[in-house]
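I set down here what I looked up in this structure, entry by entry. The ligand site comes before the single residues.

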Amino acid sequence: MEISKHIECLSKWPEHYPSGVWSFLRVILSLFVLPGKSLRSFGPPGSWVVVTGASDGLGKEFALQLAKARFNLVLVSRTESKLVALSEEITKKFPNVETKVLAMDFARNADEDYAALNKLVSELDISILINNVGQSHSIPVPFALTPAEEMNNIITINCTGTLRVTQLIVPGMIQRRRGLILTMGSFGGLLPTPLLATYSGSKAFLQQWSTSLGSELAPHGVTVELVQAYLITSAMSKIRRASATIPTPRAFVRSVLSKIGRSGGSSSYAYTSSPYWSHGVMAWFLTSVTGVMGSFVVSQNRSFHESIRKRALRKAEREAQKKST
Ligand SMILES: NC(=O)c1ccc[n+]([C@@H]2O[C@H](COP(=O)([O-])OP(=O)(O)OC[C@H]3O[C@@H](n4cnc5c(N)ncnc54)[C@H](OP(=O)(O)O)[C@@H]3O)[C@@H](O)[C@H]2O)c1
């Protein structure tokens, strides 16, 4: 689309969204004023939380903050030594909190791993499930060049893993008529993201799945929430320095746990939240403008990821040269 068309679209924006001002006020109230549901409403002290991808980044932070809130923890991720170190850290900081660890590689999609997880959780009162495990592309890559293994792993970890873990946990929550199933989504699931096409598709899958599940489980007293996040400092994002738009895992998880049940800046899907303040404002703006400027937003997103790819390839080249000399 030519730039003049975009300007024409933008000039029509208020007509397309006559309730824009009210919707922005609602976002501000949700992000800054209204409280979320109490975590205690999902289970009594001594009940359990399952965190997938618990050994690093956001998963580790979910584990630490939920331990502080006096939930016991089942910590699941790939590297046993990191899980054991986290379990020891939690026991030292919160001596009354119990932990169990399970090292499994979700990319294997192995029945015996899920059987081991089932054995671990079947006797426990699980009040919260944090579906956090996820993999993205190692660097932005055109779909045609995406290595088959990376493509398969993204779908197996992000989609199949989340579905299989949730199926183990949901029946108990329905029986107890309480619980929270929180799944880490991404702006990649909200906006089509060229050069991260498989990751973007996997998060869009989680968005539709989680919203459908939210509707199914609401009559059973179980809360479901998908969290829409932009960037956060972590190994996955490869960003170390926090800023107004890129929070640390600690700040991000604090906002998530304090705003359960509030939509924040998310307006286009039910049972969904974008609770970190700057991400919320961005989510609101993006969903408002993509209605009239869809192709423009996607092409901007493509240029952004093309430039990240160029930089990543140059860095890899420099490192290869250093090694060879
Ligand atoms: N960071 C961001 O900017 C961002 C933005 C939007 C959404 N998200 C989403 O937030 C979630 C967490 O991301 P993060 O940034 O915290 O990631 P991270 O720092 O890379 O941590 C990933 C965690 O998942 C575990 N894991 C990775 N692959 C696994 C596998 N195959 N099997 C078992 N465990 C595995 C890792 O375990 P090991 O340590 O043992 O490898 C680690 O504990 C993901 O779903 C991601 O898509 C992140």
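I looked up the ligand shell first: 31 residues lie around the ligand (a heavy atom within 4 Å), and Arg 78, Thr 79, Lys 82, Tyr 199 and Ser 234 come nearest. The model is predicted: local features need pLDDT of at least 70 and side-chain atom pairs pLDDT 80 or more, while totals for chains, interfaces and linings use all residues. Residues are numbered from 1 along each chain as its sequence is written, and side-chain values use heavy atoms, without hydrogens and water.

I then checked oxygen atoms of the ligand. A polar side-chain atom of Arg 78 lies 2.6 Å from one ligand oxygen atom. For Ser 234, an N or O atom of the side chain is 2.6 Å from an oxygen atom of the ligand. Asn 132 places a polar backbone atom 2.8 Å from a ligand oxygen atom. The protein buries 94% of the 900 Å² that the ligand exposes when taken alone (Shrake-Rupley method, 1.4 Å probe).

I turned next to Glu 150, which lies in helix α7 (residues 148-176) (helices are DSSP runs of H or I, at least four residues, numbered from the N terminus). Glu 150 is buried (under 20% relative accessible area, 1.4 Å probe, protein chains only). Which side chain of opposite charge is nearest to Glu 150? I found Arg 309, 8.1 Å away, and Glu 150 has no salt bridge (a side-chain nitrogen of Lys or Arg within 4 Å of a carboxyl oxygen of Asp or Glu).

I last noted Asn 109, which has a positive phi of about 50° although it is not a glycine.

Notes
Helices (H or I, at least four residues) and strands (E, at least two) are DSSP runs, numbered from the N terminus. Buried means under 20% relative accessible area, exposed over 50%, partly exposed in between (1.4 Å probe, protein chains only). Lys and Arg count as positive and Asp and Glu as negative; His and the chain ends are not counted. A polar contact is a pair of N or O atoms within 3.5 Å; within protein, one must be able to donate a hydrogen and the other to accept it, and residues adjacent in sequence count only if both atoms are side-chain atoms.
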